[in-house]
Structures are given as structure tokens and as C-alpha cells.
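Open the model in your viewer and switch to a cartoon view. Keep the selection tool at hand for the stops below.

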Amino acid sequence: MSLKRVCGQPCRMIMIAFAAVLALQGCALVEPAHYDIRSDAVYWISYPGTSASPSFDRYERRTEADPQTFEILAFANWGKDARSGYYRGTALAGVNAPSFRAVNDELAADDTQVWRGTNLIEGADGASFRLVGPSTGVDRAAAYAGWARFVPCDLSTFTVIESEDGAFTADSACVYSYGLRLPLTDRATFERLGAEYSRDSGGVYWRHFEVTGADPASFHIREGTRLGQDRSGCWLGPDWRECRD
């Protein structure tokens, strides 16, 4: 039964306001979404609201899962039974159930494939897939940034470069921004500058774009901004502009 049917719209608005205050304090008034295993079926229980607009309406969706063999996996969005895997109550196609496992709240794999939610990550090998960063993974043949597949120059040394914006990955030969290779001239002198800028001895780069005309020796990030600056002026992304103090 929803709150609306119990006490009407005035009470509902008071409770929503109260929940918003609790959310700001890191508290929750409703249980998180979860599986409910019953004798007749497995149900996905959810509250379709957000912290900014909380909902007190409890939704129950009957899933296709077999309650006799169903188990909730290490990350609660995921479950499996003897036949398939499930993401938030939705059955996945083509799952090898015995080998199906949750990687994190967003990702799961079996011995051949990897899923992001209900979508397959194209080309990913489930048996060897592992995370190397929050949105970065590798398998035996490739790397994945934002879950787009690419083949790095040297997979054996591929890693995430720690930075405030999380933009860069690298290996012994190349550097990448969101999976796209930077056109470096000198890998050995590569350094991050912040605000998604980087440089080597031969150039300046924003994400994977060369900042054409920028001077690497004098280039820096203006304090308190995401603008680049060199002796010629200022830069927003790869574009030059006059500096305005």
C-alpha cells in the first residue's frame, strides 16, 4: 500500500520533505532495492525515486527466476538460478549459470562473456576479465575504458594513472584518455597537468587531442580554473583564447 493511499497528499508531502532532510544527513527512510525470494517466485523490490525526489511507493516485480535454485550474488543487483543470471530482476540471455558471477554493482561475467547491466560488453572475455580501475578493465586480449574495447600498445603493462579526473590510462609505450591514444612524441617525458591536460617534451594534449600551437615548456593550469595557459595566452580544451584576468 502506498503512502498516498494511507494518509493523502498533505501527509505524503511532509514525508517527502522529511526524507530529503534524512538523505542530506546520509540516512535512508526506505530499504534499498533488493530481491525477495518467496516460495512461489522471486520478486525484485524497488522504490523508483531519487534522493532529490524520494518515492515511498514500493514496487514488486515478479521475475522469471526459479525460487528453489535462486541465489543473490555478492553485489545485490545480481542474482542467478540454475538456468540464468539476473540484473535487477531482469533475466540475461545466453548466460552460463554455473560460472556466472558479479564483478561489482554494474558488471557481471560468466566463463565467456561480460555484462554491464543487461548489456553485453562487446568482445570481452568473461574468464579473464578483471577490473583495474573504477571504469576500466582488462582481459587476456584487450583493455576496456568506459567499457569500450581497445587494444593497448603493451597490454602486459597496462594500468590506470592516478589523477584527480581519472582520465588517463597507460602502458610502457603509450598513454590513453578514455581509451583513445594520445599522439605523444616522447612517452618518457609524459606528465599530467590537471584539468585533463598533459604534456611531453614535444607537445601539449587535452584528453587525446593535441593542443596545436601550445608551448609545452610554459604550459600550466591557471590556479582555481580548468583553463590552460602558456606564454601565448589561455586555452579551453584544445582551443586558444585571450586570457581574462
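**Two hairpins, then a sheet**

Begin at Gly237, a turn residue with a positive phi of about 60°. The model is predicted, so read that angle as a computed value. Gly237 lies in the hairpin of E26 and E27, which has two residues between the strands.

Now select residues 239-241. This is strand E27, joined to E26 by three bridges and running antiparallel to E26. Pick Leu236 next. Which residue of E27 is the bridge partner of Leu236? Asp239 is that partner.

Step back along the chain to residues 228-230, strand E25. E25 runs antiparallel to E26, residues 233-236, and three bridges join them. Select Gly228 and Trp235 together: Trp235, in E26, is the bridge partner of Gly228. The link from E25 to E26 is a hairpin through two residues. E26 thus appears at both stops: with E25 and with E27.

While side chains are on display, keep one rule in mind. In a regular strand, side chains alternate between the two faces of the sheet.

Next, move to the open sheet of four strands, ordered E4-E5-E6-E7, with antiparallel pairing. Why is one side of E4 and of E7 left without a neighbour in the sheet? Strand E4 (71-72) and strand E7 (90-91) stand at the edges, and each has a single partner strand, so one side stays without a neighbour there.

Finish on E4. Its pairing with strand E5, residues 78-80, is antiparallel and spans two bridges. Select Ile72, then look opposite: Gly79 in E5 is there.

Note on methods:
Residues are numbered from 1 along each chain as its sequence is written. This is a predicted model: local features need pLDDT of at least 70, side-chain atom pairs count only at pLDDT 80 or more; totals for chains, interfaces and linings use all residues. Side-chain values use heavy atoms; hydrogens and water are left out. Two strands pair if DSSP finds at least two bridges between them.
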